[in-house]
Amino acid sequence: MKTVLVTGASRGIGRAVAEAFYGAGCKVAAVCKNNIDLLDDRFLKIRADVSDPDEVRRVFSEVEKNFGRLDVLVNNAGISVTGLLTDLSDEDWKRICGVNLDGVLWCSREAARIMVRQKEGCIINISSMWGQCGASCEVAYSATKGGVDALTKALAKELAPSNIQVNAVSPGVIDTEMNSFLSEEDRNALAEEIPAGRFGKPSEVADLVLKLASGNGYLTGQIIRIDGGFV
Ligand code: NAD
């Protein structure tokens, strides 16, 4: 049975990923900062802020204590900040880097320590198409996701000799609470820009993550877009 850790698992894409791995017979550790009560006892529930390296160390020691090993890490936790760059506060920049980029690095570092010993493992980062093509009024978000893409490619090279695969899934617009700030009119206008004509579903991203984790040892360092043809 595979052991999996998913960050940001209380809702949205992370929740769908945790459910998909559980449905495939895996033991799943579900990490989230808030709303841990939204998760039930099928999961090993861990409350933690991924932007804090001490909390991340605690998460991984809890996972090792309970599962004895870690086969798959899904770095999903992320936040977005929208608005003009000239309105971006110092605090918001630090907060978004802390979760979207530092969090991925802290979790990957702890996972690598376990997986290198095992000589086996798989890390999947949830990036964003904006990390590749950039979004107006989401400069900070785009920068963090571009960083995640670079981290993915570099770490894939570093860990390939230890039989650990590192890839990123790069979604387009997915129907989650992250996009709840959009008005009905904005949603419709955005959907019209997407060749598939609609937002993606969290379960569609989860399906891809599950397939990627199913153990193709030669597939590594890739940024795989799932965006309805947007980019
Ligand atoms: P969401 O806001 O619905 O869920 C985010 C999850 O991350 C929540 O469970 C939240 O509690 C958790 N989280 C936030 N900060 C955290 C922290 N500091 N520590 C631990 N957990 C924390 O968002 P979503 O749409 O499901 O997004 C999930 C991932 O997918 C993010 O990385 C996001 O950037 C990426 N993504 C989303 C979309 C989209 O359109 N929804 C598109 C591309 C990429």
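## M115 and its surroundings

In this predicted model, M115 is a buried residue, with a relative accessible area of 0%, and its place is in helix α3. Leaving aside neighbours within four places in sequence, M115 is in contact with L70, D71, V72 and L73, and the list of its contacts also includes E120, G121, C122, I123 and I164. K65 lies 50 residues from M115 along the chain, and the C-alpha atoms of M115 and K65 are separated by 15 Å.

## The crossing of α2 and α3

Helix α3, which spans residues 90–118, has an axis that comes within 9 Å of the axis of helix α2, residues 53–67, and the two axes cross at roughly 35°. The crossing in which α2 passes α3 is right-handed.

On the α2 side, the residues that take part in this meeting are P53, V56, R57, F60 and E64, while on the α3 side they are W106, C107, R109, E110, A111, I114 and R117. When the residues of the contact of α2 with α3 are divided by character, 7 are nonpolar and 5 are charged, and no polar residue is found among them.

## Aromatic pairs

How many aromatic pairs does a search of the whole structure find? The search finds 2. In one of them, the ring centres of Y22 and F43 are 5.9 Å apart and the ring planes stand at 70°, so this pair is classed as edge-to-face because the angle is over 60 degrees. The pair links distant parts of the chain, since Y22 belongs to helix α1 (residues 12–23) and F43 to the loop between β2 (27–32) and β3 (44–47), with their positions 21 residues apart in the numbering.

The rings of W130 and F230 also form an edge-to-face pair, with centres 5.8 Å apart and planes at 80°. This pair, too, links distant parts of the chain: W130 is in helix α4 (residues 130–133), whereas F230 is in the segment after β7 (223–226), and the two are 100 residues apart. F230 has a relative accessible area of 18% and is therefore buried, as the cut-off for that class is under 20%.

## Around Y22

Is Y22 buried or partly exposed? With a relative accessible area of 33%, Y22 is partly exposed, whereas its ring partner F43 counts as buried at 5% relative accessibility. Leaving aside neighbours within four places in sequence, Y22 is in contact with V28, R42 and F43.

Of these contacts, R42 lies over the face of the Y22 ring, at 5.1 Å from the ring centre. The C-alpha atoms of Y22 and R42 are separated by 7.9 Å, and the two residues are 20 residues apart along the chain.

## M129 and T176

M129 has its place in the loop between β5 (121–126) and α4, and with a relative accessible area of 1% this residue is buried. Not counting residues up to four places away in sequence, M129 touches G134, S170, P171, G172 and V173, and its contacts further include R225, D227, F230 and V231. F230, one of these contacts, is also the ring partner of W130. R57, which is 72 residues from M129 along the chain, has its C-alpha atom 29 Å from that of M129.

T176 lies in another loop, the one between β6 (164–171) and α6 (184–193), and is buried, with a relative accessible area of 18%. When its neighbours within four places in sequence are left aside, T176 is in contact with G12, I13 and P202.

## Two positive phi angles

Most residues other than glycine have a negative phi. N35, although it is not a glycine, has a positive phi of about 55°. The place of N35 is in the loop between β2 and β3, and at 42% relative accessibility this residue counts as partly exposed.

K119 is likewise a residue other than glycine with a positive phi, here near 60°. Its place is in the loop between α3 and β5.

Notes. Residues are numbered from 1 along each chain as its sequence is written. This is a predicted model: local features need pLDDT of at least 70, side-chain atom pairs count only at pLDDT 80 or more; totals for chains, interfaces and linings use all residues. Side-chain values use heavy atoms; hydrogens and water are left out. Rings of Phe, Tyr and Trp (its six-membered ring) pair if their centres lie within 6.5 Å; planes under 30 degrees apart count as stacked, over 60 as edge-to-face and the rest as tilted. Helices (H or I, at least four residues) and strands (E, at least two) are DSSP runs, numbered from the N terminus. Buried means under 20% relative accessible area, exposed over 50%, partly exposed in between (1.4 Å probe, protein chains only). A charge sits over a ring if NZ of Lys or CZ of Arg is within 6 Å of the ring centre and within 35 degrees of the ring normal. Axes are lines fitted to C-alpha atoms, for helices over the stretch in contact, and angles run from 0 to 180 degrees between N-to-C directions. A crossing is left-handed if the near helix is turned anticlockwise from the far one by less than a right angle, and right-handed if clockwise. Contact means heavy atoms within 4.5 Å. Ala, Val, Leu, Ile, Met, Phe, Trp, Tyr, Cys and Pro count as nonpolar, Asp, Glu, Lys and Arg as charged, and the others, Gly among them, as polar.
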